[in-house]
Structure formats: C-alpha cells, structure tokens
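Subject: Structure handed over, with notes

Hello,

Please find the structure below. My notes come after it, and they are best read with the model open beside them.

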Amino acid sequence: MERRVISSTLDTVFEFDYSVQAEDMRSLYEKAKRDQWNASRDIAWDTAERDDGRVLADELIDIHGSPMWERLGETDRVELNRRIAAWRLSVLVYGEQGAMLACSQLVNIVEGTDEKFFQATQVADEARHNEVLERYLQARLGGLHYPMPDNERFLFDAILTDPRWYIKTIALQLVAETFAVSMFRMMSQAAADPVLRQICERILQDESRHMGFGMLSLPGVLKEATESERREMEDFTCLALEKVLTGFFPLEAYQDAGFSRAQIDEVRSYRRDAAARNDYAVYRKFFRRDMHTSMVNNLVRIGLLTDRVRPRLADLGVALTAVA
Ligand SMILES: [Fe+2]
Ligand SMILES: [Fe+2]
C-alpha cells in the first residue's frame with residue numbers, strides 16, 4: 001500500500017490548568033460532543049441506488065450542455081458522472097486524512113486546555129469524514145480512487161511541516177474549511193444519490209464548527225502580530241487560497257472515460273470559456289457566490305483582508321464585492 005512519510009518537528013505543550021479559560025472555545029467543544037455521529041449507524045447505507053447509476057447532478061460536469069456533452073450517449077454520460085464523482089470524492093478523502101493529521105498536531109501545539117479539548121474532537125471528526133467518504137467510494141463507486149492532485153499534496157505538506165499552530169490554522173480551518181463548507185453545501189444540493197446527500201449534510205455540520213475554531217482563535221494572533229509576522233500570515237493565506245482555488249482538473253477521470261488528448265483539450269478550453277463568461281450551472285454559481293462571500297467575510301473578521309491580500313484575491317477571481 002502506498003503511504004507517505006512527512007518529517008516535521010513540533011513542540012508539545014503540556015497544560016496543568018484545566019479550568020475554563022476561553023468560554024466560547026469551551027462551548028464549541030460542548031457542541032462538538034453533543035453533535036457526534038457515527039458513520040456506521042447514522043447513514044442509511046441500505047438505501048437503493050438510483051436506477052440510472054448517477055451519483056451527482058450532471059450539471060456538475062464541466063462539459064454539461066456543451067456540444068461535446070450533446071454527442072455523448074446515455075451510457076457514456078453515466079460513466080463520466082461516476083468517474084467525476086469518484087475524482088472529487090478522492091480529493092475530499094485525502095483532504096480529510098490531511099485534516100485529521102494536522103489537528104492531531106494541533107492538539108500538541110496549541111496553548112490552552114479549551115483549545116486542546118476542541119482540537120481533540122476535530123481529530124475524531126476528521127477521522128469520521130475520512131471513514132465515511134471512503135465507505136461511500138467502496139459501497140457506491142466500486143472502490144474507485146484517483147490520485148492526490150499536486151496542489152493538494154503541496155498544501156498539506158506545507159501545513160504538516162510548519163511548526164506554528166496559527167499557520168496550520170490559517171491554511172486548514174480558515175482557507176480549506178471555508179472552502180469545504182461551501183463545497184459540501186453544493187454537493188448536498190447537487191447529489192443525485194440520497195446517501196451522498198446525507199453524508200454531505202452530516203459532514204457540513206462538523207465543518208462549520210471547525211471553521212469556528214479559526215474564527216475564535218485567529219483574530220487575537222493577528223492583533224498581537226508584528227509587522228513581519230502579519231506579512232507572513234498574509235502570504236500564507238494567499239498561498240493556501242491559490243492551492244485551494246486553482247489546479248483542480250479531473251484529468252484522470254476524463255482519460256478513463258475514454259476521452260482522447262484532443263477531446264480533453266476541448267474540455268479545458270470549454271471550461272476556460274465558461275469561467276470567462278461566468279457561465280456556470282446554477283449549483284456552481286451558488287457555490288462560487290457562497291464561497292467567495294464566506295471567504296471574504298471570514299478574512300475580514302480575522303483581520304486578514306489587507307491591502308496586500310486584496311489584489312491577490314482579485315487575481316484568483318474572488319469577488320471582493322462579496323463583503324457586506
Ligand atoms: Fe472534514
Ligand atoms: Fe474539518
């Protein structure tokens with residue numbers, strides 16, 4: 001079995017004061033305990049699959065509605081639907097593994113009992129997400145997996161090797177999880193398979209809590225940061241945003257569905273044109289608006305939407321007007 005060893009050094013902070021110090025953080029921990037669920041028990045795995053075999057709405061496939069799509073027969077459309085779904089879910093399953101590992105480091109590094117307790121719950125949450133998505137791939141998509149994209153690998157390497165908790169939190173709980181909340185929201189709406197919808201809804205509840213950890217813990221760090229620390233945090237925010245927002249193209253899914261190199265080039269150019277015209281299917285439009293709005297609002301709340309960050313965000317196509 002393939003595995004990857006990432007070397008890192010981190011400080012472990014052993015606390016002796018277990019009283020409540022940060023009430024907001026402690027109540028997030030209380031919510032986490034209250035809202036635990038079990039992937040074995042709480043997902044209706046025996047729900048019948050759809051007769052046509054679709055997992056996601058066809059509208060989530062880049063070429064939906066294009067002349068290429070019109071040329072495909074029903075069997076090919078369904079196959080592409082399942083392969084694209086497996087590609088997306090593979091990306092998410094690696095993200096959950098990475099999040100679990102990063103949070104296990106955070107349990108060690110963060111100061112404060114309330115913070116450590118919450119991070120301990122996030123470790124369990126991310127293990128469950130890793131588990132439930134893997135189960136879905138096995139149960140509904142024949143165990144089909146696609147490799148971890150380079151951008152995702154790069155981002156998690158950066159998260160897992162940086163020794164500072166707030167750098168990990170900026171990349172994970174702020175950038176990646178703000179993105180994940182919108183992604184799971186879109187997938188729950190666009191799921192054709194009710195089991196997938198149920199899984200996305202469950203994960204979504206946990207992810208908003210995780211995003212909450214960043215919202216509670218980061219503003220204080222920004223307030224006390226020196227100029228050079230602030231610049232470093234800004235740069236890391238932009239780096240994480242770039243890795244999350246670019247470079248995700250389900251190449252292997254198209255290849256396995258029998259698309260030739262020329263046809264894949266056609267898919268890419270159709271995608272680029274659609275992006276330039278902002279001509280997305282309704283689910284994607286909703287996703288972009290939702291994600292841009294929450295990303296911008298979260299950056300504002302934390303104090304990271306600075307003059308250095310704004311133009312770089314705009315270059316990535318994030319609509320800064322989203323902020324109220
Ligand atoms: Fe997760
Ligand atoms: Fe999470």
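The notes start with the metal sites and then go on to a helix contact, one tryptophan and the empty spaces. Please keep in mind that this is a predicted model.

The iron ions

Start with the iron ion (ligand 1). Its protein donors are Glu96, Glu126 and Glu207, each through OE, and His129 through ND1. These donors lie 2.0 to 2.3 Å from the ion. Along the sequence, the donor residues follow the spacing E-x29-E-x2-H-x77-E. Glu96 belongs to helix 3 (residues 74-109) and His129 to helix 4 (residues 113-140), so this pair ties together parts that are 33 residues apart in sequence. The angles among the 4 donor atoms run from 86 to 136°, and the site is irregular. The upper limit for a tetrahedral site is 135 degrees, so the value of 136° rules that label out.

The iron ion (ligand 2) takes its protein donors from Glu126, Glu177 and Glu207 through OE, and from His210 through ND1. Here the distances are 1.9 to 2.2 Å. The sequence spacing of these donor residues is E-x50-E-x29-E-x2-H. This site is irregular as well, with angles of 89 to 167° among its 4 donor atoms.

How far apart are the iron ion (ligand 1) and the iron ion (ligand 2), and which residue coordinates both? The separation is 3.1 Å, and Glu126 coordinates both ions. Glu207 also appears in the donor list of ligand 1 and in that of ligand 2. Glu207 and His210 both sit in helix 7, 3 residues apart, which is about one turn of the helix.

Helix 7 and helix 11

Helix 7 covers residues 194-224 and helix 11 covers residues 282-302. Their axes come within 8 Å of each other and cross at roughly 35°. On the helix 7 side, the residues that meet helix 11 are Met211, Gly214, Met215, Leu218, Pro219 and Leu222. Asn298, Arg301 and Ile302 meet them from helix 11. By type, the residues of this contact are 6 nonpolar, 2 polar and 1 charged.

Trp45

Trp45 is in the loop between helix 1 (23-34) and helix 2 (67-71). Leaving out residues up to four places away in sequence, Trp45 touches Ala39, Ser40, Val132, Arg135, Tyr136, Ala139, Arg140, Val195 and Ile199. Ala262 is 217 residues from Trp45 in sequence, and their C-alpha atoms are 39 Å apart in space.

Empty spaces

Rolling a probe the size of a water molecule over the atoms shows where empty space is left. In this model there is 1 cavity of 30 Å³ or more. The largest cavity holds about 50 Å³. Its lining consists of Glu49, Arg50, Gly53, Arg54, Val55, Arg82, Arg140 and Asp193. Of these lining residues, 6 are charged, 1 is polar and 1 is nonpolar. Arg140 is a residue you have already met, among the contacts of Trp45.

The second largest pocket has about 720 Å³ of space. Its lining is made of 20 residues, and Glu2, Arg3, Tyr94, Gln97 and Met148 are the ones nearest its centre. Helix 3, helix 4 and helix 5 (150-161) each supply at least two lining residues. Helix 3 gives the largest share, with 5 residues. The lining divides into 10 nonpolar, 4 polar and 6 charged residues.

Regards

Notes: Residues numbered from 1 in each chain as written. Chains lettered and ligands numbered in written order. Predicted model: local features only at pLDDT ≥ 70, side-chain atom pairs only at ≥ 80, totals over all residues. Heavy atoms only, no water. 1 Å grid on protein atoms, 1.4 Å probe; cavity = no way out; pocket = protein on both sides within 12 Å on 5 of 7 lines; lining within 4 Å. Points joined across faces, edges and corners; volume = space filled by probe spheres on them. Nonpolar A, V, L, I, M, F, W, Y, C, P; charged D, E, K, R; others polar. Axes fitted to C-alpha atoms, helices over the stretch in contact; angles between N-to-C directions. Helix = DSSP H or I, 4+ residues; strand = E, 2+ residues; numbered from the N terminus. Contact = heavy atoms within 4.5 Å. Donors = N, O, S within 2.8 Å, 3.2 Å for Na, K, Ca; no water. Tetrahedral: all angles 85-135°; square planar, octahedral: opposite > 155°, others 65-115°.
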